[in-house]
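User: I would like a close look at one part of this model, with the rest of the chain described around it. Please keep to what can be read from the coordinates and the confidence values.

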Amino acid sequence: MRRWIPTRNLIFAGLRGQKLRCFSTVVNDVERVSIRNGSSGTITIDLHNLAKVSSLDPLLVYLPPYSTVFTEKPAQLPLFMQRQPTAVINYRWTGFTAFEAEDFPAQSGEDGDTHLSWPTPIHDAARAYDWIVENLGPSTYTRRDIYLYGSYLGASLATSLALTETHPHARMGVRGCVAYNGIYNWTMFLPDHPIHQLPKLRMTNILEKILSQPDDPVFRELRQHAEALFGRPDNLFDPFASPCLFFHTPGLLVPPAFDASAIHPAPDLSVPEEDPLGIFAPAKPPRKSALVFPPRKSTLKIPETLLLHSTPPPLPPSLLRRRQRRKKEPLGNSFAAQAEELAALMRRSIDKLELKERFRWDDHFEDWDGEAARRVQVSDVGLNAGDFELDGKGEEMAAAWLEDHISHAR
């Protein structure tokens, strides 16, 4: 990634030092490029419709909802992308998929790393993005825009790439991002996160726990697969996995396990009953505090973004009436809550950092109040069909957003 992020810079420096080795094949009229990613194996990029357009035309980059790298057939593009020049990043990320277990071939040999949980997917996405910029750029001294689209697991990766690769003055770079049903703060699945705390003035019971659970089955499935996807609880705190953490500290301690509390650990028989000095008391969680993002000395800018989310299936009438009576209370963790949190943080950054700085020298800019909301939009696409794809309404929203931004860039 960029040099202003020292941790990732050290990791990727070794990969960038490798000599580029790649080869391509054609599968179902789609060119598939294979690229070495350091010592971690090979990743592939599927190229659609590139021969039909100029190298100056905007390029779409698609990150599928789950890893499709173990299938020979290229991932199907969403309808709004099928006629556009598109590069599909086939990142590797085991732990969650729509395929049956028998659909996965046995991995062996040099590329047979069976532990492809986090951080393998962000390394793959970053390496593939670098290859795209190096090899699919304009042939002349002009510009080429990149627009990212990802859903579910791909949405987390797409937003991380967008937040760390949007350099407006770069000849080829990210200009915007569309994401659908992403998880933008995986720490919200931990039991200590404040989003799970019900008001203290009310006694909790089984019905309360049911009302506080996410209603979307795919959302529940992602929560249940967090351990398989990330391996260790501390990986949830990586801002490249949880892009919200680019903007604030977690405000949580790292728990010993995914379902354990870091604030209230299990009783330790070795701890004495009397502890007047509080030596054996559990540590208090750190306070959540805001971070400056993008960094002031970087050339990054908050990207134009459309965050789409589905509406959870309706509750049974009895539970629905009870929840409606408490509509002033937060509904807990959900795809909508994830999108709204990230959008609020991105808008705050635009208002507090970018526009505040711009106001010092540009007193002719008019829409100060509406700029952040225009740049970062959130939309509900309706009920989720359960097939990991946008429905007609969502397709129309994404297509209209892309058409509007591409036409304004020309």
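In which loop does Ser 334 lie, and between which helices?

Analyst: Ser 334 sits in the loop that runs between helix 7 (317-325) and helix 8 (335-358). The model is predicted, and the description below should be taken in that light. Ser 334 has a relative accessible area of 16%; buried means under 20%, so Ser 334 is classed as buried. Its C-alpha lies 8.3 Å from that of Pro 312, although 22 residues separate Ser 334 and Pro 312 in sequence.

His 309 belongs to strand 8 (304-311). This histidine is buried as well, with 7% relative accessible area. Leaving out residues up to four places away in sequence, His 309 touches Phe 335, Ala 336 and Ala 339. It also meets Tyr 180 and Asn 181, along with a run from Val 378 through Ser 379, Asp 380 and Val 381 to Gly 382. Strand 8 also bounds the loop that holds Pro 294, with helix 6 (226-230) on the other side of that loop. The peptide bond from Phe 293 to Pro 294 is cis, and its omega is near 0°.

The wider setting comes next. The protein chain has 410 residues, of which 48% are buried. Its secondary structure comes to 10 helices and nine strands. Of the contacts with a sequence separation of 6 or more, 78% are between residues 24 or more positions apart.

A second cis peptide bond joins Trp 118 and Pro 119, with omega at about 15°. Pro 119 is placed in the loop between strand 5 (86-90) and helix 2. Helix 2 (residues 120-135) packs with helix 3 (residues 153-165), at an angle of about 50° and with the axes 11 Å apart. That angle makes helix 2 oblique to helix 3. The crossing of helix 2 past helix 3 is right-handed. On the helix 2 side the contact is made by Pro 121, Ile 122, Ala 125, Ala 126 and Tyr 129; on the helix 3 side it is made by Leu 157, Ser 160, Leu 161 and Glu 165. Sorted by class, this contact has seven nonpolar residues, one polar and one charged.

Tyr 152 is found in the loop between strand 6 (144-151) and helix 3. Its phi is near 55°, a positive value in a residue other than glycine. Tyr 152 is buried, at 1% relative accessibility.

Asn 49 has a positive phi too, of about 65°, and is not a glycine either. Asn 49 lies in the loop between strand 3 and strand 4 (59-63). Its relative accessible area is 18%, which places Asn 49 among the buried residues. Gln 82 touches Asn 49, and also Gln 76 and Leu 77, when residues up to four places away in sequence are not counted. The C-alpha atoms of Gln 82 and Asn 49 are 8.3 Å apart, with the two positions 33 residues apart in sequence numbering. Gln 82 is located in the loop between strand 4 and strand 5. Gln 82 is partly exposed, with a relative accessible area of 32%.

Leu 47 is in strand 3 (residues 42-48). Leu 47 is buried, with 7% relative accessible area. Beyond its neighbours within four places in sequence, Leu 47 is in contact with Val 30, Glu 31 and Val 33, with Thr 86 and Ala 87, and with Trp 131 and Leu 136. Arg 32 is 15 residues from Leu 47 along the chain, and their C-alpha atoms are separated by 6.2 Å.

Confidence is the last point. The mean pLDDT of the protein chain is 81, and 72% of the residues reach 70 or more. Over residues 1-21 pLDDT stays under 50, and the model has 42 contacts beyond four places in sequence for that stretch. It also stays under 50 over residues 206-212, for which there are 15 such contacts. Where pLDDT is low, the predicted coordinates should not be read in detail.

Notes
Residues numbered from 1 in each chain as written. Predicted model: local features only at pLDDT ≥ 70, side-chain atom pairs only at ≥ 80, totals over all residues. Heavy atoms only, no water. Axes fitted to C-alpha atoms, helices over the stretch in contact; angles between N-to-C directions. Helix = DSSP H or I, 4+ residues; strand = E, 2+ residues; numbered from the N terminus. Parallel < 35°, antiparallel > 145°, perpendicular 65-115°, else oblique. Left-handed = near helix turned anticlockwise from the far one by under 90°. Contact = heavy atoms within 4.5 Å. Nonpolar A, V, L, I, M, F, W, Y, C, P; charged D, E, K, R; others polar. pLDDT = per-residue confidence, 0-100. Buried < 20%, exposed > 50% of the residue type's maximum accessible area, 1.4 Å probe, protein only.
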